[in-house]
Number of protein chains: 2
Amino acid sequence: MVNVRSEDLTARARIRDAAVARFGRDGFRAPVRAIAEDAGVSAALVIHHFGSKDALRAACDEHVLTVIREEKSAAITNASPADTIGMLARVQEYAPLFAYIVRSLLDGGALAGHFVDGLVDDAEAYLEAGEAAGTVRASADPRGRARQVIATQVGLILLAQLDAAAGRGVAPTDDPATAIDELTRASMLPGLELYTHGLFTDTSYLDAYLEYKEKP
Amino acid sequence: MVNVRSEDLTARARIRDAAVARFGRDGFRAPVRAIAEDAGVSAALVIHHFGSKDALRAACDEHVLTVIREEKSAAITNASPADTIGMLARVQEYAPLFAYIVRSLLDGGALAGHFVDGLVDDAEAYLEAGEAAGTVRASADPRGRARQVIATQVGLILLAQLDAAAGRGVAPTDDPATAIDELTRASMLPGLELYTHGLFTDTSYLDAYLEYKEKP
DNA sequence: CACCACACTAAACACTCGTTCAGCCGCGCC
DNA sequence: GGCGCGGCTGAACGAGTGTTTAGTGTGGTG
């Protein structure tokens with residue numbers, strides 16, 4: 001049901017994929033029986049293979065992290081524009097993973113911590129590279145800046161989630177790919193504006209804070 | 001237990017306050033029995049007064065929204081620095097409300113939608129006032145920019161939440177007041193930097209996007 | 001063939017939790 | 001004083017859910 005090539009997988013893998021999809025769609029309160037039904041097996045088999053529901057979730061976390069790592073290293077090794085577009089095209093395939101990560105984010109799970117840590121690490125590296133290339137300004141707190149950038153991204157996703165929950169998405173659709181598309185489209189212009197010119201017309205606010213930080 | 005002046009309140013109000021505190025601390029899966037115990041009443045009385053757990057939550061939402069509106073209008077009418085400091089001093093008192101709102105945010109509840117809408121509205125108004133005063137730059141998408149600013153704020157809270165869940169808060173404390181303090185302290189410098197100078201050294205990224213937007 | 005390990009299942013168990021039920025208690029009103 | 005009414009309670013009900021149990025079939029192995 002979940003994956004087009006479900007028949008090819010072992011029952012254990014089918015259960016794991018079904019769990020990732022269910023958890024992503026319905027949250028971690030999704031019943032084991034529902035996951036079992038999605039995978040076409042009995043609830044008892046889920047426990048038989050994974051020991052407990054918590055262990056199943058841990059297996060999902062590990063699997064998602066593995067896929068992310070593979071995908072990330074693949075994206076780094078061949079980072080041509082064509083490949084990037086290819087990745088976007090496959091977003092449909094990875095949509096369940098994305099949903100799962102968002103759930104983990106909202107749930108405060110351990111996976112979410114590792115995930116955002118990785119994002120902040122990446123952002124910091126990219127920004128440093130940009131600095132070296134001369135396209136990005138220097139910062140007094142590179143880590144904090146990277147964190148700020150990622151926080152904005154995560155916050156925009158959360159806000160979009162809220163809009164969707166309120167039934168007033170920018171484009172009322174259930175398709176995650178176009179949802180992400182809409183999200184980036186709506187935030188691209190303000191984001192670039194902000195990142196290009198900043199918000200303030202002069203440095204008085206920053207100066208005031210720097211002075212206050214010296215002698216409170 | 002929850003509020004120092006619990007004895008002064010009617011049972012209904014005590015239950016409501018206990019529910020806000022419990023929901024904020026443990027999430028909306030907190031059992032009715034736990035709330036009842038906090039309020040010093042039986043679980044049956046909770047249902048007797050509110051009809052159901054969902055209705056209790058709705059009453060909590062309404063109550064929180066009311067307090068926010070009162071507090072907000074109070075902050076607008078007398079917006080002197082002293083009053084602002086007074087509000088910060090009372091953050092301890094409003095910490096349960098803050099926790100409740102964060103829970104609602106993570107839960108995607110209706111309250112969260114209204115709340116962030118209000119925040120975005122406020123941010124937009126403030127930015128427009130800054131524009132008029134000449135301290136804030138003009139934007140091609142004021143609403144989107146306000147949304148971006150609020151998203152950053154919300155995202156930072158979420159990230160801090162994740163760090164706390166992972167047991168590695170910047171300062172390991174359970175006190176929400178100092179937690180908020182730490183959060184603003186850690187993000188103030190990168191935020192001001194970003195909002196003052198932007199991220200990029202030139203306008204090439206923005207220009208490229210604007211050109212792409214014209215003819216894709 | 002006998003047997004064993006293993007994937008797998010239906011049913012039952014145990015527990016949590018929201019809600020209902022039947023009744024108690026104290027207070028104002030006739 | 002009697003009496004009802006509303007706040008209030010302990011106990012029970014019933015639904016949902018994770019897990020256990022006892023067993024079934026099957027495929028490989030001696």
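The questions and answers below walk through a predicted model of protein chains with DNA strands.

Residues are numbered from 1 along each chain as its sequence is written, and chains are lettered from A and ligands numbered from 1 in the order in which they are written. Local features need pLDDT of at least 70, side-chain atom pairs count only at pLDDT 80 or more, totals for chains, interfaces and linings use all residues, and side-chain values use heavy atoms, with hydrogens and water left out.

Student: How many helices and strands does chain A have?

Tutor: Helices (H or I, at least four residues) and strands (E, at least two) are DSSP runs, numbered from the N terminus. Along the sequence, the pattern of chain A reads α-α-α-α-α-α-α-α-α-α. The count is 10 helices and 0 strands.

Student: What percentage of the residues of chain A count as buried?

Tutor: Buried means under 20% relative accessible area, exposed over 50%, partly exposed in between (1.4 Å probe, protein chains only). Chain A has 216 residues, and the buried part is 39%.

Student: Which residues are closest to DNA strand C?

Tutor: A residue is near a strand if one of its heavy atoms lies within 4 Å of it. DNA strand C is surrounded by 16 residues. Sugar and phosphate make up 57% of the strand C atoms that come within 4 Å of the protein. The closest residues are Ser42(A), His49(A), Val32(B), Arg33(B) and Lys53(B).

Student: Which residue has a side-chain N or O atom 3.5 Å from a base nitrogen of DNA strand C?

Tutor: A polar contact is a pair of N or O atoms within 3.5 Å; within protein, one must be able to donate a hydrogen and the other to accept it, and residues adjacent in sequence count only if both atoms are side-chain atoms. Ser42(A) reaches a phosphate oxygen of strand C with a backbone N or O atom, at 2.8 Å. His49(A) reaches a phosphate oxygen of strand C with its side chain, at 3.0 Å. The base nitrogen is paired with Arg33(A).

Student: Which element gives the largest share of the surface near DNA strand C?

Tutor: Two or more residues each come from helix 3 (43-50) of chain A and from helix 2 (32-39) and helix 3 (43-50) of chain B. Ala, Val, Leu, Ile, Met, Phe, Trp, Tyr, Cys and Pro count as nonpolar, Asp, Glu, Lys and Arg as charged, and the others, Gly among them, as polar. On that basis the surface has 9 nonpolar, 4 polar and 3 charged residues. The largest share, 4 residues, belongs to helix 3 of chain A.

Student: At DNA strand D, how far is the side chain of His49(B) from a phosphate oxygen?

Tutor: Of the 16 residues around strand D, the nearest are Val32(A), Arg33(A), Lys53(A), Ser42(B) and His49(B). A backbone N or O atom of Val32(A) is 2.8 Å from a phosphate oxygen of strand D. A polar side-chain atom of His48(B) is 3.4 Å from a phosphate oxygen of strand D. For an N or O atom in the side chain of His49(B), the distance is 3.0 Å.

Student: Which helix supplies the largest share of the surface near DNA strand D?

Tutor: Helix 2 and helix 3 of chain A, together with helix 3 of chain B, each supply at least two residues. By class there are 9 nonpolar, 4 polar and 3 charged residues. The largest share, 4 residues, comes from helix 3 of chain B.

Student: Are helix 8 of chain A and helix 8 of chain B roughly parallel or roughly perpendicular?

Tutor: Axes are lines fitted to C-alpha atoms, for helices over the stretch in contact, and angles run from 0 to 180 degrees between N-to-C directions. Angles under 35 degrees count as roughly parallel, over 145 as roughly antiparallel, 65 to 115 as roughly perpendicular and the rest as oblique. The axes of the two helices, each residues 142-165, come within 6 Å and cross at roughly 105°. That makes the pair roughly perpendicular.

Student: Which residues of helix 3 of chain A does helix 1 of chain A meet?

Tutor: Contact means heavy atoms within 4.5 Å. The axes of these helices come within 10 Å and cross at roughly 105°. Helix 1 brings Ala11(A), Arg12(A), Ile15(A) and Arg16(A). In helix 3 they meet Leu45(A), Val46(A), His49(A) and Phe50(A).

Student: Is Ala30(A) buried or exposed?

Tutor: Ala30(A) sits in the loop between helix 1 (11-26) and helix 2 (32-39) of chain A. Ala30(A) touches Arg22(A), Phe23(A) and Lys53(A), not counting residues up to four places away in sequence. Its relative accessibility is 3%, so Ala30(A) counts as buried.
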